[in-house]
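Trainee: Could we go through this model together, starting with its charged pairs?
Mentor: Sure, pull it up and fire away.

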Amino acid sequence: MMGSLVVCLAWFLVLGFTTSALSLNPDDPNVCSHWESYAVTVQESYAHPFDQIYYTRCTDILNWFKCTRHRISYKTAYRRGVRTMYRRRSQCCPGYFESGDLCVPLCTEECVHGRCVSPDTCQCEPGWGGLDCSSASTANGTGKSQ
């Protein structure tokens, strides 16, 4: 019983460290962020009015010189409410996709003899050129037209 508890705790720790390690770095220039709203159920207090009956001395002989009076009093009550909260959410900028904890550029065409260095821009290996690095040439090494 105790061994399975330790294994479960270890598993939750590993999951916690894994998910926190795979978050995007907001200082990365390819990471964009936006504000996101979300609803939170909260318990809130409020002043609940109620009719308080009290008695005073008066000249009413039929009620033994006791008169009924009313006043509005307030007591603290609780109710459920919904509060809108905001948080900053990081995501890859347009033209990039998330791979682990990095935002990697996306090239719609495969860089045949090179690598994708920014959205739809290939950096060709020496001796290759063109937008997708598929043409043999002695170009400047980038697939982006200039």
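**Salt bridges and surface**

Mentor: To kick off, E36 and R89 meet side chain to side chain in a salt bridge, 3.1 Å from N to O. Bear in mind that this is a predicted model, where local features need pLDDT of at least 70, side-chain atom pairs count only at pLDDT 80 or more, and totals for chains, interfaces and linings use all residues. Residues are numbered from 1 along each chain as its sequence is written, and side-chain values use heavy atoms, with hydrogens and water left out.

Trainee: How many residues apart in sequence are the parts that E36 and R89 tie together?
Mentor: Strands here are DSSP runs (E, at least two residues), numbered from the N terminus. E36 sits in strand β1 and R89 in strand β2, so the parts they tie together are apart in sequence by 53 residues.

Trainee: Which residue forms a salt bridge with E36 at 2.8 Å between the closest N and O atoms?
Mentor: A salt bridge takes a side-chain nitrogen of Lys or Arg within 4 Å of a carboxyl oxygen of Asp or Glu. For E36, the partner at 2.8 Å is R87.

Trainee: Is E36 buried or exposed, or partly exposed?
Mentor: Buried means under 20% relative accessible area, exposed over 50%, and partly exposed in between (1.4 Å probe, protein chains only). E36 has a relative accessible area of 23%, so E36 counts as partly exposed.

Trainee: What is the distance between the closest N and O atoms of E44 and R79?
Mentor: E44 has 26% relative accessibility and counts as partly exposed. R79 is partly exposed as well, with a relative accessible area of 41%. The two form a salt bridge, and their closest N and O atoms are apart by 3.3 Å.

Trainee: Where is L62 found, and is L62 buried or exposed?
Mentor: L62 is found in the loop between β1 (31-57) and β2. Its relative accessibility is 75%, so L62 counts as exposed.

Trainee: Which residues does R69 touch, leaving out those up to four places away in sequence?
Mentor: R69 lies in strand β2 (residues 66-92). R69 and D51 are 18 residues apart in sequence and 10.0 Å apart in space, C-alpha to C-alpha. Taking contact as heavy atoms within 4.5 Å, and not counting residues up to four places away in sequence, R69 touches Q52, I53, Y54 and T56.

Definitions and conventions. Helix = DSSP H or I, 4+ residues; strand = E, 2+ residues; numbered from the N terminus.
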